[in-house]
Amino acid sequence: MELDLLLDIGNTRSKWITTKSGLGGSLSIEQSGIINNQELSEQIMQQFDSLLTSSSVAVIQNIFCTCVGQLDVLKIWQAHFPSATLYQLSGETVIPGFDNGYQRPTELGTDRLAGMLGAKTLYPEKNILVIASGTATTIDYLHQGSKFIGGWIIPGLDLMLKSLGKSTANLPTLEANQLTTSRDDDQTFNNQGTLAIPFGTSTKDAIGMGVVLATVGAIQQAIAQLPHLELILITGGNANLLEAYLLSDSNQVKFVQEPNLILVGLNAWRLHHKEAHI
Ligand SMILES: Nc1ncnc2c1ncn2[C@@H]1O[C@H](COP(=O)(O)OP(=O)(O)O)[C@@H](O)[C@H]1O
Ligand SMILES: CC(C)(COP(=O)(O)O)[C@@H](O)C(=O)NCCC(=O)O
């Protein structure tokens with residue numbers, strides 16, 4: 001079987017999917033995985049073991065990739081699949097029906113571009129806010145599934161926690177997974193059933209609630225200034241955590257978690273690329 005590898009290299013982790021190499025409709029997933037970039041070589045060997053050992057049957061033909069992480073990370077990926085052809089998404093890549101509103105399109109992170117292509121593919125013609133909550137948190141607006149209006153970049157939850165810990169004498173360095181979302185804890189819920197954000201009464205809570213509110217507040221600001229917003233999509237490593245704090249029915253806008261949004265976007269670009277080069 002001939003396979004293509006869809007690869008999203010972020011600043012913390014690489015997310016991947018293999019799909020049949022031919023042209024198809026929606027994304028069919030053969031295998032998938034997530035690898036921390038610091039453990040890349042070891043994990044590629046482990047996660048791809050069955051593919052690599054049965055290489056006479058399954059071969060990676062092409063890699064369709066977005067890389068906003070270190071180039072060295074991409075080089076390690078390439079070294080494991082030397083016979084595959086590498087295609088890298090660029091801010092300048094032309095996609096029919098998609099208009100990149102950045103002043104300098106090449107400046108736009110290709111993961112953000114792929115996220116919007118994913119949104120356009122899954123929810124055509126909608127006004128969509130795309131939130132990617134990873135190393136950084138990005139909040140991007142896609143108008144009518146076709147025009148990227150612009151967005152915001154703020155430090156991701158871990159990054160905020162790390163920088164507070166590192167740059168102050170008195171603050172501990174918390175981790176995002178210490179910001180609990182469990183309903184078993186003694187936490188406050190608002191009348192929509194999502195977590196309320198109380199004022200902190202300990203250093204830990206003051207930091208935790210502060211970084212969550214910095215993020216949720218930005219998202220709510222975006223919602224407030226987009227009267228025609230129809231849908232909010234959230235993806236990335238902190239999507240679960242963030243979702244617990246976001247209003248599920250903000251301003252009547254539907255809110256959906258799409259873990260593979262960027263890879264879905266890469267697949268849409270892959271199909272377009274293949275159709276254009278038949
Ligand atoms: N198992 C995990 N390993 C690393 N980070 C994780 C993990 N689970 C959740 N996270 C959170 O997800 C973030 C990375 O999310 P991800 O979407 O992969 O980011 P990026 O695309 O920037 O690499 C980390 O900053 C961390 O806060
Ligand atoms: C904003 C980002 C750092 C997000 O990276 P991530 O958190 O996904 O690792 C990345 O999309 C990037 O490097 N963007 C380039 C600048 C821009 O999009 O304007």
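Let me start where the two domains meet: in this predicted model, 8 residues of domain 1 are in contact with 6 residues of domain 2. On the side of domain 1 that touches domain 2, the residues divide into 2 nonpolar, 4 polar and 2 charged. As for where these domains run along the chain, domain 1 covers 2-88, while domain 2 is made of two stretches, 111-156 and 193-261. If you take the centres of the two domains over their C-alpha atoms, 27 Å separate them.

Stepping back to the protein chain as a whole, you can count 8 helices and 11 strands in its secondary structure. The chain has 278 residues, and 35% of them count as buried. Of the contacts in the chain with a separation of 6 or more, 58% are made by residues that are 24 or more positions apart.

Now to the ligands, beginning with ligand 1, where we can ask: where does ligand 1 lie with respect to domain 1 and domain 2? Both domains give residues to the shell around ligand 1, so this ligand lies between them. There are 14 residues around ligand 1, and those that come nearest are Gly10, Thr12, Gly134, Thr135 and Gly237. Sorted by character, the shell around ligand 1 has 2 nonpolar, 10 polar and 2 charged residues.

Turning to ligand 2, we find 15 residues surrounding it, with Gly10, Asn11, Gly109, Gly134 and Thr135 as the closest. Two elements give two or more residues to this shell, namely helix 4 (110-122) and strand 8 (136-143). The shell around ligand 2 divides into 5 nonpolar, 7 polar and 3 charged residues, and at least three of its residues come from each of domain 1 and domain 2.

You may have noticed that Gly10 is named among the nearest residues for ligand 1 and also among the closest for ligand 2, which makes Gly10 a good residue to find on the screen. Gly10 sits in the loop between strand 1 and strand 2. Is Gly10 buried or exposed? It has 24 C-beta neighbours inside 10 Å, and because the cut-off for a buried residue is 20 or more, Gly10 counts as buried. Leaving out residues up to four places away in sequence, Gly10 touches Val68, Gly69, Asp111, Gly134 and Thr135.

Gly10 also appears in the UniProt record, an unreviewed entry, which gives the feature "binding site" for Asp8, Ile9, Gly10, Asn11, Thr12, Arg13, Ser14, Lys15 and Thr135. These positions span 128 residues in sequence, yet no two of their C-alpha atoms are more than 13.4 Å apart, so they gather at one spot. One of these positions, Lys15, lies in strand 2, and with 24 C-beta neighbours inside 10 Å, Lys15 is counted as buried. Apart from its neighbours within four places in sequence, Lys15 is in contact with Asp8, Ile34 and Leu263.

The unreviewed UniProt entry also lists Asp111, this time under "active site". Asp111 has its place in helix 4, and it is buried, with 27 other C-beta atoms within 10 Å. Once residues up to four places away in sequence are set aside, Asp111 touches Asp8, Gly10, Thr66, Val68, Ala132 and Ile262.

Finally, let us look at the nonpolar interior. Which residues touch the most other members of the largest nonpolar core? They are Val130 and Ile131, in a core of 46 residues. Several elements give two or more residues to this core, including strand 1 (2-9), strand 4 (59-67), strand 7 (128-133) and strand 10 (231-235). Helix 8 gives the most, with 7 residues, and the core draws at least three residues from each of domain 1 and domain 2. To see how one member is placed, take Val130, which, leaving aside its neighbours within four places in sequence, is in contact with Gly115, Met116, Ala119, Asp140, Leu142 and Leu233. There is also a second, separate core of 10 residues, and among them are Leu161, Leu179, Met209 and Val212.

Methods
Residues are numbered from 1 along each chain as its sequence is written. Chains are lettered from A and ligands numbered from 1 in the order in which they are written. This is a predicted model: local features need pLDDT of at least 70, side-chain atom pairs count only at pLDDT 80 or more; totals for chains, interfaces and linings use all residues. Helices (H or I, at least four residues) and strands (E, at least two) are DSSP runs, numbered from the N terminus. A residue is buried if 20 or more other C-beta atoms lie within 10 Å of its own, exposed if 12 or fewer, and partly exposed in between; C-beta atoms are placed from the backbone. Two residues are in contact if their C-beta atoms, placed from the backbone, lie within 7 Å. A residue is near a molecule or strand if its C-beta atom, placed from the backbone, lies within 6 Å of it. Ala, Val, Leu, Ile, Met, Phe, Trp, Tyr, Cys and Pro count as nonpolar, Asp, Glu, Lys and Arg as charged, and the others, Gly among them, as polar. Domain bounds come from an automatic or database domain assignment. UniProt positions are given in the numbering used here, feature names are shortened, and annotations may be inferred rather than shown by experiment. A nonpolar core is a set of buried Ala, Val, Leu, Ile, Met, Phe, Trp, Tyr and Cys residues joined through C-beta atoms within 7 Å.
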